[in-house]
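Let's take a walk through a protein structure together, stopping at a few residues along the way. Keep the 3D view open and turn it as you read.

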Amino acid sequence: MNIRILKIVIGLLTFIGNVNAQTVSVASIEATAGEQKALTVSLSDASSATAMQFNLSLPANVTINESECALGGAANNHTLRVNRMDNGNYLFVIFSMDFKKLGNGTLLTIPVIFANDATSGNGNLFTVRSSASDAVSHQHQNATFAVNVNTSDIKNIRTSSVKNGNVYNVRGQKLTSPQKGINIIDGQKVLVK
């Protein structure tokens, strides 16, 4: 039953009416590689919209935590569906079974994960559509935002020391065993008396 209603909502959203002024906005986001930060999608001039659909693209190695996406106050009493598509983009559908109107303000909070090898670039909300309870649908302007990965912090450095038992003298000559004087054993200076 829910799938059928979701298909009806998506069908309503695919009918495109007039193009509105940009009503969906996204602020730029910045994080250090390895962190998770919240991306906020806001809605203004919601008018009579009861449902919304959009796609999200992010730079390489920047993903979202689909299960932790949360609707904001502008989408009170609505349902959210998020799906990662085969091309790596995400599809968001926000709808109300009772055709409740969307409000102004925070529509959605999306947890963005910056992998250790994440790269900076632009994120895009595109194919942004809203639908009203009377089946009038609107296409909104796309929203582009900066996704900045701070690489000035160095974290999670791993070092390994090789302990191979090699012994050298202070001139760098390899020895078969430690000799009287200063020896370098596994990279450490050792005094043998």
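T127 sits in strand β10, which covers residues 121-132. Keep in mind that you are looking at a predicted model. T127 is not a glycine, yet it has a positive phi of about 50°. Is T127 buried or exposed, or something in between? With a relative accessibility of 24%, T127 counts as partly exposed, because the buried class ends at 20% and the exposed class begins over 50%.

A positive phi also turns up at N61, again a residue other than glycine, where the angle is near 65°. To find N61, look in the loop that runs between β4 (49-57) and β5 (62-64). N61 is partly exposed too, with a relative accessibility of 38%.

Now let's go inside. The largest nonpolar core has 34 residues, and the members that touch the most others are F92, L107 and I110. Which strand gives the most to this core? Strand β9, spanning residues 105-114, does so with five residues. Try clicking on I110: beyond its neighbours within four places in sequence, I110 is in contact with K37, A38, L39, V41, L56, I64, C69 and F92.

F92 deserves a second visit. Searching the whole structure turns up one aromatic pair. Its partners are F54 and F92, whose ring centres are 5.0 Å apart and whose planes meet at 20°, so the pair counts as stacked. F54 belongs to strand β4 and F92 to strand β8 (residues 90-95), so the pair ties together parts that lie 38 residues apart in sequence. Both F54 and F92 are buried.

Next, move along the chain to N166, in the loop between β12 (143-150) and β13 (167-169). What does the side chain of N166 make a polar contact with? The partner is the side chain of K174, at 3.4 Å. Setting aside neighbours within four places in sequence, N166 is in contact with K174, I184, I185 and D186.

Our last stop is K193, in the segment that follows β16 (188-192). Here the relative accessible area is 83%, so K193 is exposed. K193 also shows how sequence and space can tell separate stories: K180 is 13 residues away from K193 in sequence, while their C-alpha atoms are 5.5 Å apart in space.

Technical notes: Residues numbered from 1 in each chain as written. Predicted model: local features only at pLDDT ≥ 70, side-chain atom pairs only at ≥ 80, totals over all residues. Heavy atoms only, no water. Helix = DSSP H or I, 4+ residues; strand = E, 2+ residues; numbered from the N terminus. Polar contact = N/O pair within 3.5 Å; in protein donor to acceptor, adjacent residues only side chain to side chain. Contact = heavy atoms within 4.5 Å. Core = buried A, V, L, I, M, F, W, Y, C linked by side-chain atoms within 4.5 Å. Buried < 20%, exposed > 50% of the residue type's maximum accessible area, 1.4 Å probe, protein only. Phe/Tyr/Trp six-rings, centres within 6.5 Å; stacked < 30°, edge-to-face > 60°.
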